[in-house]
Amino acid sequence: MRPLFPGLLLLWPLLLCPVAPTAPGPLGRPGFLRLGTRGSGGSPGHRPAPAAPIRVPGGARGAGFCKSRPLDLVFIIDSSRSVRPLEFTKVKTFVSRIIDTLDIGAAATRVAVVNYASTVKIEFQLQTHSDKKALKRAVERIAPLSTGTMSGLAIRTAMEEAFTVQAGARGPSFNIPKVAIIVTDGRPQDQVTEVAARARAAGIELYAVGVDRADLRSLRMMASEPLEEHVFYVETYGVIEKLSSKFQETFCAEDPCLLGTHRCQHVCVSDGDGRHHCACSQGYALNADKKTCAAIDKCALNTHGCGHICVNDRNGSYHCECYEGYTLNEDRKTCSAQDQCALGTHGCQHICVNDRAGSHRCECYEGYTLNQDKKTCSVRDKCALGSHGCQHICVSDGVASYHCDCHAGFTLNEDKKTCSDIQEVRKLVSIEDACGCEATLAFQGKVISYLQGLNTKHILSGRFSASA
């Protein structure tokens, strides 16, 4: 398993006591951090006055800001009979000091404590306390159980009961690391290899801290890989508190992003261990000074993915548009031909015709011509419209003008629309003429007879006057 907190390297004893060189024992092997010494006879040793002041790593961090990554952290502490009351108090101080270095909260680091001996007791769950003061008061109230050393049972209880969503652990979607720190001073009285492997397989990163008579082999079987970063050893409880500074160094670093000393123009990203780098908002690129940002012309880069037109926006981003006659698809990138004729937005007076290119054109009905605006239509040939009313032939006289004509053998009637057969007209005229002649002759005969009668009377009247 890759360590969550890289950099927990071997820490040479903070408390050094000159001793005669001897052959390295089991605890002299690599793979664990050793802290403190023991005096003769196996009793706790005493720290000699150092030749020069010793700087505790991370001790100066309190003056700045500490920003730790959110964790689900469970302490598994041994309170068996071998741990004396004063020593157990040192363990609780060690736990409290680590809590001091963390950002505690429901959305930050959550802490639980599992207390064990021959039995196991969950002192409080991950969801129980959400602030440091409450956590530290709860740690102070923990009492030792004073019997046995069932380390395997304690790890299993933590895995099955403390690292659960019901107990306050956050699920996989939160991507919150699960970390357990087990502190023991003896040899486990049950099997730890299998249960520790199960815990590691479940995603729990195990740190093992051994004190005094702790069994190094057991510590190594419990801890995660690499062992040199997860196994610690202190020779007395009197110096375990100093080990908390190493965890502080691991969990906490001065954060220039929080301090406001980063000088990043857009975004400051914490890298841990006091390091950071600058980043830019979307649509911007980091300049060579690694601090300031410049807007990216994504349209010029030709990485925009727009099907037709890429338009740069002021904030360094862009959007896609389409050519006339096309609409932007839901992916906001590609375009589809728009049926403007169906949409009714074409503006054609008569007929709208869709083109393959996604555009359209206007046309006119027969007898009309398209005007210069390419939208409206004017009458071109009223004869072609079929509304002229000519019975036989419509003759166009130009735009909007016409007259009617007849087929051969027909003549145009007075209505200038209809036509009549010439032969029939001639017959009609002949009949009418014949009737007219007879009447005229009859009338002329009557007139002549009348005139002749008047003339006879006039002659007779003259003769009568002469004789008289």
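**A guided reading of the predicted model**

Phe247 is buried, with a relative accessible area of 1%. This residue is a convenient point of entry to the structure, which is a predicted model. The protein chain has 468 residues, of which 37% count as buried. Eleven helices and 23 strands are found in it. Where contacts join residues at least 6 apart in sequence, 56% of them link residues at least 24 apart. The accessible surface of the chain amounts to about 26,700 Å², and carbon and sulfur atoms account for 54% of that area.

Phe247 belongs to the largest nonpolar core, which has 33 residues; together with Phe75, Ile77, Ile181 and Val183, Phe247 touches the most other members. The elements that contribute two or more residues to this core are strands E2 (72-78), E3 (110-116), E5 (178-184), E6 (204-211) and E7 (231-234), along with helices H1 (85-100), H2 (132-140) and H6 (240-251). Helix H1 supplies the largest share, six residues. Another core, of 29 residues, lies apart from this one and includes Ile155, Ala199, Leu219 and Ala223. As a general tendency in soluble globular proteins, nonpolar side chains are buried together.

Aromatic residues offer a further view of the region around Phe247. The structure holds four aromatic pairs. In one of them, Phe94 and Phe247 meet edge-to-face, with 6.1 Å between the ring centres and 70 degrees between the planes. Because Phe94 lies in helix H1 and Phe247 in helix H6, this pair ties together parts that are 153 residues apart in sequence. Phe94 is also buried, at 0% relative accessibility. Phe94 and Phe247 form one aromatic cluster with Tyr207 and Phe232.

Helices H1 and H6 are linked by charged side chains as well. Arg97 forms a salt bridge with Glu241, and the closest N and O atoms are 3.4 Å apart. Arg97 is in H1 and Glu241 in H6, so the bridge connects parts that are 144 residues apart in sequence. Arg97 is partly exposed, with a relative accessible area of 37%, whereas Glu241 counts as buried at 13%. Salt bridges that share partners bring Lys90, Arg97 and Glu241 into one network.

The count of salt bridges comes to eleven. Another of them joins the side chains of Asp72 and Arg170, at 2.7 Å from N to O. This pair links distant parts of the chain, since Asp72 is in strand E2 and Arg170 in the loop between H3 and E5, 98 residues apart. Asp72 is buried, with a relative accessible area of 0%, and Arg170 also counts as buried, at 5%. A further salt bridge pairs Arg84 with Glu87, where the closest N and O atoms are 3.9 Å apart. Glu87 counts as buried, at 14% relative accessibility.

Glu87 and Lys90 both appear among the contacts of Tyr237. Tyr237 is placed in the loop between E7 and H6, and at 4% relative accessibility this residue counts as buried. Leaving aside residues up to four places away in sequence, Tyr237 touches Val83, Glu87, Lys90, Val91, Thr184, Asp185 and Val211. Tyr237 and Arg84 are 153 residues apart in sequence, while their C-alpha atoms are 9.7 Å apart in space.

Helix H4 (residues 193-201) brings the reader back to Ala199, a member of the core of 29 residues. Which residues of H4 are buried? They are Val195, Ala196 and Ala199. These residues cover an arc of only 100 degrees around the axis, and therefore they lie on the same side of H4. The face turned away from that buried side carries the exposed residues Glu194 and Ala201. The buried residues of H4 pack against helix H3 (151-162), strand E6 and helix H5 (216-222). Just after H4, Gly203 takes a positive phi of about 95 degrees.

Strand E6 appears in both parts of this account: it gives two or more residues to the largest core, and the buried residues of H4 pack against it.

Note on methods
Residues numbered from 1 in each chain as written. Predicted model: local features only at pLDDT ≥ 70, side-chain atom pairs only at ≥ 80, totals over all residues. Heavy atoms only, no water. Core = buried A, V, L, I, M, F, W, Y, C linked by side-chain atoms within 4.5 Å. Buried < 20%, exposed > 50% of the residue type's maximum accessible area, 1.4 Å probe, protein only. Helix = DSSP H or I, 4+ residues; strand = E, 2+ residues; numbered from the N terminus. Contact = heavy atoms within 4.5 Å. Areas by Shrake-Rupley, 256 points an atom, 1.4 Å probe, with all protein chains shown as cover. Arc of directions from axis to C-beta. Salt bridge = Lys/Arg side-chain N within 4 Å of Asp/Glu carboxyl O. Phe/Tyr/Trp six-rings, centres within 6.5 Å; stacked < 30°, edge-to-face > 60°.
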